[in-house]
Amino acid sequence: MDARNDMLRLLQSRKQGYSLEQPFYTDPDYFKLDMELIWHRDWLFIGHDCELPKPGSYITVQIGDYPVVLVRDQKGRINAFHNSCRHRGSRVCNTDKGTAAKLVCPYHQWTYELDGRLLFARQMAEGFDKSQFGLKPVACESVGGYIFICLAKEPADFAPMRAMIEPYLLPHRLSEAKVAFESTIVEKGNWKLVWENNRECYHCAGNHPELCKTFPEAPTVTGVQGADSDPEMLAHWAKCEAAGLPSRFRIDPAGQYRATRAPLLRDAVSYTMSGKRA
Ligand code: FES
């Protein structure tokens, strides 16, 4: 039986509310299918606008087989491209991040504009049409300071997600934020383990006491479970919405994304660029 059928059979016979079977976390063929069916097909959160503070700022990411570069162009737009030179496929940008006036391939110096157009290719044959050899674009959307890309040839319509989450994000003005500190965590486990851990806060009290100083671990906080009958959540949402902040829990009909405004614990303190705010 091939991995695709095997995976489908296990999903269909799955006991709801329990972990997936072992091969979902360990089998290399399952992992390839994950990449093909999810990571190379769906919209992915990649980073924040403020990581690309000025024209020429770029960051690079690797998604399975695909190297991608995100760059802010002269007009301030953030574009994503396959980080693969149209000449012979060299990586155009070789570092995790940087700033460049133009994107210059290190192999034979083909030179691309920040919007992906090929500007310069030396010693090419007469009739060579530069306009046909720009960097190949990757679908890219920036919403409320968050950047998403999609590697699919025909990405799902991003507009419904933008319509839902943008009103929640815009009041925070994250596009005007500055990066103060960065750290990298490499999780040595299948991505689904990381995601499953992220979806519950059952582990928070025992493992993240610092988080629990500000973030309530009650399941109602995320809006998914019982928030509509939690008087504290209802009062929080009402207070925020009276101040003009969309807050109530909303979820896409297919369950792909959701939005809510979660409260901080009562005596939490938040900090902004200009100081401390209670
Ligand atoms: S591979 Fe990029 S210029 Fe040749």
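This is a short tour of a predicted model, stop by stop.

Residues are numbered from 1 along each chain as its sequence is written. In this predicted model, local features need pLDDT of at least 70, side-chain atom pairs count only at pLDDT 80 or more, and totals for chains, interfaces and linings use all residues, while side-chain values use heavy atoms, with hydrogens and water left out.

**Stop 1: the sheet**

Select the strands. Helices (H or I, at least four residues) and strands (E, at least two) are DSSP runs, numbered from the N terminus. Seven strands, shown in the order β1-β10-β9-β4-β3-β2-β5, make an open sheet with antiparallel pairing. Two strands pair if DSSP finds at least two bridges between them. Now go to the edges: β1 (43–48) and β5 (97–99) each have a single partner strand, so one side of each is left without a neighbour in the sheet. From one strand to the next, the twist averages 25 degrees.

Next, select residues 78–82 and 137–143. These are β4 and β9, paired in the antiparallel sense over 2 bridges. Look for Ala80: Val138 in β9 stands opposite.

**Stop 2: a helix over the sheet**

Add residues 159–169. This is helix α4, which lies across β9 and β10 (146–150). Helix α4 runs at about 40 degrees to β9. Axes are lines fitted to C-alpha atoms, for helices over the stretch in contact, and angles run from 0 to 180 degrees between N-to-C directions.

**Stop 3: two crossing helices**

Select α1 (residues 3–12) and α3 (residues 28–39). Their axes come within 10 Å and cross at roughly 85 degrees. The two helices are therefore roughly perpendicular (65 to 115 degrees). Ala3, Arg4, Asp6, Met7 and Leu10 in α1 are in contact (heavy atoms within 4.5 Å) with residues of α3, including Tyr30, Leu33 and Leu37.

Which residues of α1 are buried? Asp6, Met7 and Leu10 are buried (under 20% relative accessible area, 1.4 Å probe, protein chains only). They cover an arc of only 100 degrees around the axis, which puts them on the same side of α1. That arc is taken from the directions from the helix axis to the C-beta atoms. The cover over these buried residues includes α2 (23–26) and α3.

**Stop 4: a histidine in a loop**

Finish at His203, in the loop between α5 (191–198) and α6 (204–207). Is His203 buried or exposed? His203 counts as buried, at 16% relative accessibility. Show Asn197 and His208 too: His203 is in contact with both, leaving aside its neighbours within four places in sequence.

Technical notes
Buried means under 20% relative accessible area, exposed over 50%, partly exposed in between (1.4 Å probe, protein chains only). Angles under 35 degrees count as roughly parallel, over 145 as roughly antiparallel, 65 to 115 as roughly perpendicular and the rest as oblique.
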